[in-house]
Amino acid sequence: MTHVLLLRLAGPLQSWGMTSRFPARRDSHSRPTKSAVIGMCAAAMGLPRDADLDELAQVTFGVRADHPGTPVRDYHTVGAGKYPLRPRDLITDHRRAAATSANLDTATGDQFGHHTLPHWYGAPKKIAADPVSGVLVSGELTRTALITERWYLADATFLVGLQHEDEGFLSTVGKALEHPRRLLWLGRKSCPPSGTLTLKSAPGDLASVFDTHQLLPGPDGTADPQRKPWGWFQAPPSERGATPVQDQPVHFDSLRPEHTTRWEVRRRITIAPNADDWKGIVP
C-alpha cells in the first residue's frame, strides 16, 4: 500500500521558475514544481547539494491548486549607482585605498561613510584575484543597471502530495519540514512559507487522497466547498493525456544542477461530500 504526505504551500508570495535562473524576465510557473519541492525537502533534512536524491526524488508528485493566486509583476533593477566606502573596501582592495587616500588624509570627524569614488561600483560582483596582490577584488569596477521583470503568485495556497510506499520515510520528511535544518522558501528566497507546512500522512494514492480532503482555507480563512480545483498528477508517459515537464531533479550541485523529464496529467478534482476537514492549521 502507498501513502501520501500532504503539504500546505502558502504565503503572501510564491515563485516557481521553470526557465533560466538569471534572465531579464524571471517567470513563475502556475504551481509548485517537483524540483522545487524536493529541493525544499532536501534543505529541511540538511542534505548537501551533492547528496544522492534517489529515494527522495523518486516519490510520486502531485499538486492541487486550492487557491491558484494572482500573478504579480515586479519591476526590478539590479546594479549601478554609488555606495559609500567601508573600511573593509580599503583593506581588501588596494586600488580603492590608493584612489581615495588623499581625501581620507584630509577628512575630519565621522565622515568616513560619505566617501565615494567616481565611476566606481561599490557593491562588486564578478570577484577575481588581483594580479599584483593576489587579494580578491572586484573584476568589474563599473556596471550599468540591469532591468529585470520578475513574476510571482500572490495569495496562493497549494496542497502538495508526495506518494511513497514507505510511510516511515514520509514521516521523516514531514518532521524535517516542520523542524528544518536550513531555511525554506517557496521558490525564491524572498518567499518564505507561512503557517503550517506539514499536514498529515494518509493511506492511498494521490487521486484518492486529494478527493477525500477538503479545500485548504485561503488567505481570508475560507474555502468554497463547491469549487472543483485543478490537480496535476505525475503519471507514466504512456498514460493518455500525459505531458512532459522538465522538473525531475537529478542533483542540486551548485555549479551544474541537473533535471530530467517526468510526465503528468491534469484533471478537475471533485471533493467528496464526506471529505476530511482541516483543523488546527496555522494560517
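Trainee: In this model, what does the count of aromatic pairs come to?

Mentor: The model is a predicted one. Two aromatic rings form a pair if their centres lie within 6.5 Å. By this rule, the count comes to one aromatic pair.

Trainee: Is the pair of phenylalanine 210 and phenylalanine 233 stacked, edge-to-face or tilted, and why?

Mentor: The two ring centres lie 5.6 Å apart, and the planes meet at 50 degrees. Planes under 30 degrees apart count as stacked and those over 60 as edge-to-face, with the rest counting as tilted. At 50 degrees, therefore, the pair of phenylalanine 210 and phenylalanine 233 is tilted.

Trainee: How many residues apart are phenylalanine 210 and phenylalanine 233, and which elements hold them?

Mentor: The pair links distant parts of the chain, with its two members 23 residues apart. Phenylalanine 210 belongs to helix H6 (residues 206-211), while phenylalanine 233 lies in strand S9 (residues 230-234).

Trainee: Is phenylalanine 233 buried or exposed, and why?

Mentor: A residue counts as buried under 20% relative accessible area. Phenylalanine 210 has 0% relative accessibility and so counts as buried. Phenylalanine 233 has 5% relative accessibility, and therefore it also counts as buried.

Trainee: Which residue has its charged end over the ring of phenylalanine 233?

Mentor: Each ring of the pair can be considered in turn. Over the ring of phenylalanine 210, 5.9 Å from its centre, sits the charged end of arginine 64. Over the ring of phenylalanine 233, at 4.3 Å from the centre, the charged end is that of arginine 267.

Trainee: Which helix gives the most to the largest nonpolar core?

Mentor: This core has 35 residues, and those touching the most other members include Leu9, Val37 and Phe158. Among the elements that each supply at least two of its residues are strand S1 (3-14), helix H1 (34-44) and strand S7 (146-164). With seven residues, the helix that gives the most is H1.

Trainee: Beyond its neighbours within four places in sequence, which residues is valine 37 in contact with?

Mentor: Valine 37 is one of the core members that touch the most others. Leaving aside neighbours within four places in sequence, its contacts are Leu7, Leu9, Pro32, Phe61, Val160 and Leu162.

Trainee: How many residues does the second, separate core have?

Mentor: Among the members of this second core are Ala202, Leu206, Val209 and Ala275. The core has 18 residues.

Trainee: What percentage of the residues of the protein chain count as buried?

Mentor: The protein chain has six helices and 11 strands. Of its 283 residues, the share that counts as buried is 40%.

How values were computed: Residues numbered from 1 in each chain as written. Predicted model: local features only at pLDDT ≥ 70, side-chain atom pairs only at ≥ 80, totals over all residues. Heavy atoms only, no water. Core = buried A, V, L, I, M, F, W, Y, C linked by side-chain atoms within 4.5 Å. Buried < 20%, exposed > 50% of the residue type's maximum accessible area, 1.4 Å probe, protein only. Helix = DSSP H or I, 4+ residues; strand = E, 2+ residues; numbered from the N terminus. Contact = heavy atoms within 4.5 Å. Phe/Tyr/Trp six-rings, centres within 6.5 Å; stacked < 30°, edge-to-face > 60°. Lys NZ or Arg CZ within 6 Å of the ring centre and 35° of its normal.
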